[in-house]
Amino acid sequence: MTSDTMTSAALTSDTAILTIAEAGPALETGARPVLILHGGGGPLTVAPIARHLSGTAHTLTPVHPGWDGTPRPAWCTGVDDLALLYLHLLEDRGLEDVLVVGSSLGGWIAAEMAVRDSARRITGLVLIDAVGVYVEDEPIADYFALDPRAAAGLSWHDPDRYYIDPAQLPADQLATRQANMATMRALAGDPYMHDPKLLRRLARVRQPALLVWGESDRIVTPAYGAAYAAAFADARLEIVPKAGHLPQLEQPEATFDLIDSHLRRTTTSR
């Protein structure tokens with residue numbers, strides 16, 4: 001039995017409503033739950049991961065509050081709020097042996113979830129070109145200060161292929177992009193794209209972590225990724241050639257192979 005539906009899950013404990021795309025074998029069949037967290041570009045940036053994993057796992061891909069026109073509660077003012085929101089989702093749904101996959105901002109949320117996961121519902125992490133920590137010699141590029149062409153140059157291995165001229169976008173798509181960036185600035189703009197305490201706290205995370213990094217990422221460099229990985233108790237860094245900040249889009253097969261291997265490695269016996 002499989003499902004591929006968009007559902008709205010009311011989390012009354014947080015007075016929030018999440019829009020979640022669920023797909024894959026039903027949890028009742030023993031399928032492993034995988035929570036997939038998007039970055040600033042929105043849920044479309046992780047949709048290929050969800051499609052791939054839904055062949056064997058039960059995927060949950062939420063839209064972060066405030067993205068793509070969804071409501072953001074007044075209390076949701078930081079990435080820590082998103083981390084707690086998703087931990088409460090796992091608790092409310094009774095999910096265990098969860099693999100959390102996060103891209104960029106979503107990777108930061110995943111890391112914040114892991115340091116707070118006292119119930120040990122999470123058994124594995126995949127962070128894809130994640131932001132969220134401060135590395136003294138490897139500053140995060142100031143995305144908010146970049147024009148679209150410069151942002152593409154830092155984000156992609158092949159920027160000419162993936163650059164989209166905002167002037168060519170329909171008005172509604174452009175408005176959505178601008179609103180998404182405004183939400184990201186509100187949640188992660190100060191301090192810029194990191195939690196000053198997170199790097200130190202990662203040593204307490206016991207769940208195996210895989211950090212997947214595009215070789216050509218210049219938003220957060222592979223050296224930044226190496227420092228991130230070194231902070232975990234159990235982590236490894238894998239570099240994807242010919243990819244930038246979103247290797248799941250530029251080099252999907254190589255990225256999926258790494259995720260699949262980590263999925264198998266971290267599944268607990270049932």
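Guide: Welcome! Contact here means heavy atoms within 4.5 Å. Please keep in mind that this is a predicted model.

Visitor: Which residues does Y228 touch, leaving out those up to four places away in sequence?

Guide: Within that cut-off of 4.5 Å, Y228 touches G107, W108, A111, L127, A130, V131, G132, V133, L198, L202, L211 and W213, with residues up to four places away in sequence left out.

Visitor: What makes a group of residues a nonpolar core?

Guide: Its members must be buried residues of kinds such as Leu, Met and Tyr, joined through side-chain atoms within 4.5 Å. In the largest nonpolar core there are 53 residues, and L35, M113, L125 and Y228 have the most contacts inside it. Helix α2 (residues 79-93) supplies the largest share of this core, 8 residues. There is also a second, separate core of 19 residues, with L99, V212, V240 and L258 among them.

Visitor: Why is S54 called buried?

Guide: Let's set the value against the cut-off. Buried means under 20% relative accessible area. S54 has 18% relative accessibility, so S54 counts as buried. You will find S54 in the loop between α1 (47-53) and β4 (58-63). Beyond residues up to four places away in sequence, S54 touches A23, G24, P25 and T59.

Visitor: How do you know that the length of helix α3 agrees with its number of residues?

Guide: The expected span is 1.5 Å times one less than the number of residues. For the 12 residues of α3 (residues 105-116), that gives 16 Å; the end C-alpha atoms are 17 Å apart, which agrees.

Visitor: What makes α3 "mostly covered"?

Guide: Of its 12 residues, 10 are buried, that is, under 20% relative accessible area. The buried residues of α3 are L105, G106, G107, W108, I109, A110, A111, E112, M113 and A114.

Visitor: Which residues lie closest to the centre of the largest pocket?

Guide: They are G40, G41, Y143, R177 and M181, out of 41 residues that line the pocket. The space in this largest pocket is about 1300 Å³. Two elements, α4 (148-155) and α6 (171-188), give two or more residues to its lining, and α6 gives the most, with 9 residues.

Visitor: How many residues of that lining are nonpolar, polar and charged?

Guide: The lining of the largest pocket divides into 25 nonpolar, 12 polar and 4 charged residues.

Visitor: Which residues does P159 touch, leaving out those up to four places away in sequence?

Guide: P159 touches A152 and G153, on that count. P159 itself sits in helix α5 (residues 159-162).

Technical notes. Residues numbered from 1 in each chain as written. Predicted model: local features only at pLDDT ≥ 70, side-chain atom pairs only at ≥ 80, totals over all residues. Heavy atoms only, no water. Buried < 20%, exposed > 50% of the residue type's maximum accessible area, 1.4 Å probe, protein only. Helix = DSSP H or I, 4+ residues; strand = E, 2+ residues; numbered from the N terminus. 1 Å grid on protein atoms, 1.4 Å probe; cavity = no way out; pocket = protein on both sides within 12 Å on 5 of 7 lines; lining within 4 Å. Points joined across faces, edges and corners; volume = space filled by probe spheres on them. Nonpolar A, V, L, I, M, F, W, Y, C, P; charged D, E, K, R; others polar.
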